[in-house]
Amino acid sequence: MAQQTILQKLKLLADAAKYDASCSSSGTSKRNSLASGGIGSTEGMGICHSYTPDGRCVSLLKILLTNFCIYDCRFCINRASSNVERARFSPAEVVQITLDFYKRNYIEGLFLSSGIIRSEDYTMEQMIAVARSLREDHGFRGYIHLKTIAGADPQLLALAGLYADRLSTNVELPTERGLQNFAPEKRPEVIRKTMAEVRLRQEDAKEARKGRLLTKAKPPRFAPAGQSTQMIVGADDARDGDILKTSSHLYSGYRLKRVYYSAFSPIADSSQDLPLVRPPLMREHRLYQADWLMRFYGFDQTEIMEGASDEMLDLAIDPKLAWALQRRDLFPVDVNRAPKELLLRVPGLGTRAVERILAARRGTRLRLADLARVTTSVKKLLPFIVAGDWRPGGLTDSEHLRARFAPPPEQLSLAL
Amino acid sequence: MTDLEPAAMTVVRLDKKGDFAEWRAAARHLLAQHIPPHQVDWRGPDNDMSLFGDQLGAAPIRQEKAEGRAPTISLPRELVDMADHIICHRSADVPARLYRLFWRVQADRYLLGRKTDDDVHWARKMVKNISRDIHKMHAFVRFRHLGVGDDGRENYAAWFEPEHLTLRLGAPFFQRRFSGMNWAIITPDARAIWDGQRLVMGEGGQRDDVPDHDVVEQQWRAYYGAIFNPARVKISAMRSEMPKKYWHNLPEAQDIASLLAGAEQRVAMMQAAEHQTPNKRTEKWQKNAQAALADVLGGAGDGLDAPENLEQLGRSLDQCRRCSLHCAATQAVRGEGPVDAALMMVGEQPGDQEDLAGRPFVGPAGQLLTEMMAQNGLTRSDIYMTNAVKHFKFQPRGKMRLHQRPTAGEIDKCRWWLDLERQMVRPKFIITLGATALRGVLGPKGKLADLRGQVIPLSDGAVLFPTIHPSYLLRLPDKEKAAEERAMFAADLRRAAQHLAAAGVG
């Protein structure tokens, strides 16, 4: 076989990486290259440098070091038994492409992942070699996200966290049974131990920076943009309840910055027992909404599932509304008096709207017209709130409330 | 001045568009002379037409030089920053409206806080527009490589067409990011040049000033095509973030049409493809992977065969599925200490910290215990420390994991492990901390309140000292009560230490 060119490898190894949803380059330490005279900066919010026609942003160069893999995870295009064409970059090649792209302002940095070759440790070493070279040989100060290989030596994780802004370990499937069935070589306890290791190292690094002597140099940061993970949605029979439960364990146990949900997309040369249908994008969207409710709105998983049926979120309406329809005993909420925690639970009020309401109501009694200025959908609020000039009366308990929000049934649109 | 006399119009001619310094000097000058906004006629370099052209004929014109000695006038910092942005907007009425804002803020220091005010609302909207324009510049400028200079520095240039005159505000970002290379960004209205020393602004240019290709662009376009997932086409999301007006300067955007055209076919092909037989490598690789896995599992397969020593026990413990606690916990936490320890200390279950670290008694209660043991004649390193339940049971609450008491069933299932540890270590003395640990050792026989302080002989010849769990001491809010309980706990530890000493093993 003729030697693959860089271009051929890039196509193969980017194609293989696209099922990882994360492309975030935000939230790391602020730095630039003014003093070093090198290349790279991060300024808090990451920048999306382009968008592909699937609506997703291109912020990082997201590639695999190699798509050779000794694991045989059936949902994965790179599994050992797949007949996909294989390629492997050398660390130096990845470094070169990253710098070439970065200097042309195509990207914010690198998101490097890899199939498992030889062993977990060897694979991790290869990835670290890329990050180390970028940072030390080229003074690169842009963003680096490294996928950690679950089960790699803790010393390697320690090294990875020194070079990378973010580390991530994918849990892939929310339940142990799913993982056993679809990714027999992946051990959930090994994945969790890796995340625990990252959390402990982050906390140690923060402690060390707080407690340092003034005369000494600051101890280095450890993965300042935190750690994240991804779960595949719709490849196995896991319910939304399982998925969100796993998420809540991950957020509470390992202080993850994000859990990404990736609707399972049909892959070339896929395993026989996988659904080859359109990816469940709406389900993915509802899971993200539910995830937001857990992180920013004070909901816990069991509450969100009150609005679900058979442990699956309602696809027609958002999870907060679905919950509110089940918990009408808590409504209506008086926007002029209710505490923040309760306002956050009103369907149609986001965190920003709530902040604005809290600020605005100090001076005046809010009426519907005032609410129209802080939120986009007063109509959605109506059944759930009391305002200066509004009481919902029987609307809150109306049996047609769900129909008011849910999109019309299919037959109706066909008749039109 | 009366209503009958037309006010004298002051004409201000700005030489440069989007130049904040020039406009500010003029505005300060006007403010110092108390010239109200409706008496100022702002003119730009390319519109000699006045916004108030019809009034001009009637009013005597006084020419004002834009630059002049400006007396100091204090203005809110926030407004100055906003104006610095707004002046970049191409809209012709910007200088006049901005001046009205400056004028009004003289009389109303809190003007900017009045978000429902028309002028303020306008200004905030303009700032948002400009910020977005700058952000899009940071995202969509594409440098092309020009070569390497004699000094070894690489030279790059980009042609970009921002919606407004935002290069001045947008350029410092590129300076901070691309400090190590020389670059120029050329727009129709201005150019920014960085040579490693200084950032210089200059005249606008043309598309031809920048080469029309770059070798790396082929790679970039290949990457863009490969990272696109044809099964998730969502054009509206792309277009709202990357509006079409930017496409003609983005090399990758040339491929959007062909990617979209081929998307459906690619997905259909994937779905129609026959399932192929696994490739030949699979067997070999899987054998390797399974060997590695067996190694992790300690060779015991399901991990539930009775282990023969503590090390095997530790590895088997990780595979324990006797109850459901393993599903959420990070890891089973094995006991720690000498295999021939005379004293075994049994706690309840690992907490948050123990669960993360995989070691018993390293959290707050563990630290308190270690400290109090040392004070009362017990040396931690001589003692085998373990828990009645090996996995952490918790309830997630936001970013915290709240400890939950294990059920009797969970304690009893986990007793299998504790019994094995007791058989392997054969301690002469056991201290149980709390009710869970007591049940783990004694079974459902007695209550802690009744047994605490007693010395209980066990069937295997060991002696049991039941006491409370140190986390209880940490939970007591009442200081007096806490001190009292602490003293009692210390006495329990001391009594055990005395028994150990009496037996010649302390």
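## Chain A: what it is built from

In this predicted model, chain A carries 16 helices and 10 strands. The domain assignment splits chain A in two, with domain 1 covering 6-279 and domain 2 covering 319-415. Going by C-alpha atoms, the centres of these two domains of chain A sit 39 Å apart.

## Chain A: overall dimensions

How does chain A compare with a compact globule? For 416 residues, such a globule would have a radius of gyration near 22 Å, and the 24 Å of chain A agrees with that. Laid out along its principal axes, the C-alpha trace of chain A spans about 75 × 60 × 40 Å.

As for packing, 52% of the 416 residues in chain A are buried. Take the contacts in chain A between residues at least 6 apart in sequence: 66% of them link residues at least 24 apart.

## A closer look at strand 3 of chain A

Strand 3 of chain A runs over residues 60-64 and is mostly covered, with 5 of its 5 residues buried. Which residues cover its two faces? On one side there are A:Leu60, A:Lys62 and A:Leu64, on the other A:Leu61 and A:Ile63, and all of them are buried. Note that a lysine, A:Lys62, is part of that buried set.

Strand 3 of chain A also has a parallel partner: strand 4 of chain A (residues 109-113), joined to it over 5 bridges. Within strand 4 of chain A, A:Gly109 is the residue opposite A:Leu60. Put helix 2 of chain A (residues 91-103) together with these two strands and you get a right-handed β-α-β unit.

## Chain B: make-up and burial

Chain B has 18 helices and 15 strands. Buried residues come to 35% of its 506 residues. Of the contacts in chain B with a separation of 6 or more, 69% are between residues 24 or more positions apart.

## Chain B: the pairing of strands 1 and 2

Here's another parallel pair to look at. Strand 1 of chain B (residues 9-13) lines up with strand 2 of chain B (residues 40-43) in the parallel sense, over 4 bridges. One of the matched positions puts B:Arg13 with B:Arg43, its bridge partner in strand 2 of chain B. What does the chain pass through between strand 1 and strand 2 of chain B? The path goes by way of helix 1 of chain B (residues 20-32), and this β-α-β crossover is right-handed.

Key:
Residues are numbered from 1 along each chain as its sequence is written. Chains are lettered from A and ligands numbered from 1 in the order in which they are written. This is a predicted model: local features need pLDDT of at least 70, side-chain atom pairs count only at pLDDT 80 or more; totals for chains, interfaces and linings use all residues. Domain bounds come from an automatic or database domain assignment. The radius of gyration is taken over C-alpha atoms; the globule rule is 2.2 Å times the number of residues to the power 0.38. A residue is buried if 20 or more other C-beta atoms lie within 10 Å of its own, exposed if 12 or fewer, and partly exposed in between; C-beta atoms are placed from the backbone. Two residues are in contact if their C-beta atoms, placed from the backbone, lie within 7 Å. Two strands pair if DSSP finds at least two bridges between them. A crossover is right-handed if, with the strands pointing away from the viewer, the path from the first strand over the helix to the second runs clockwise.
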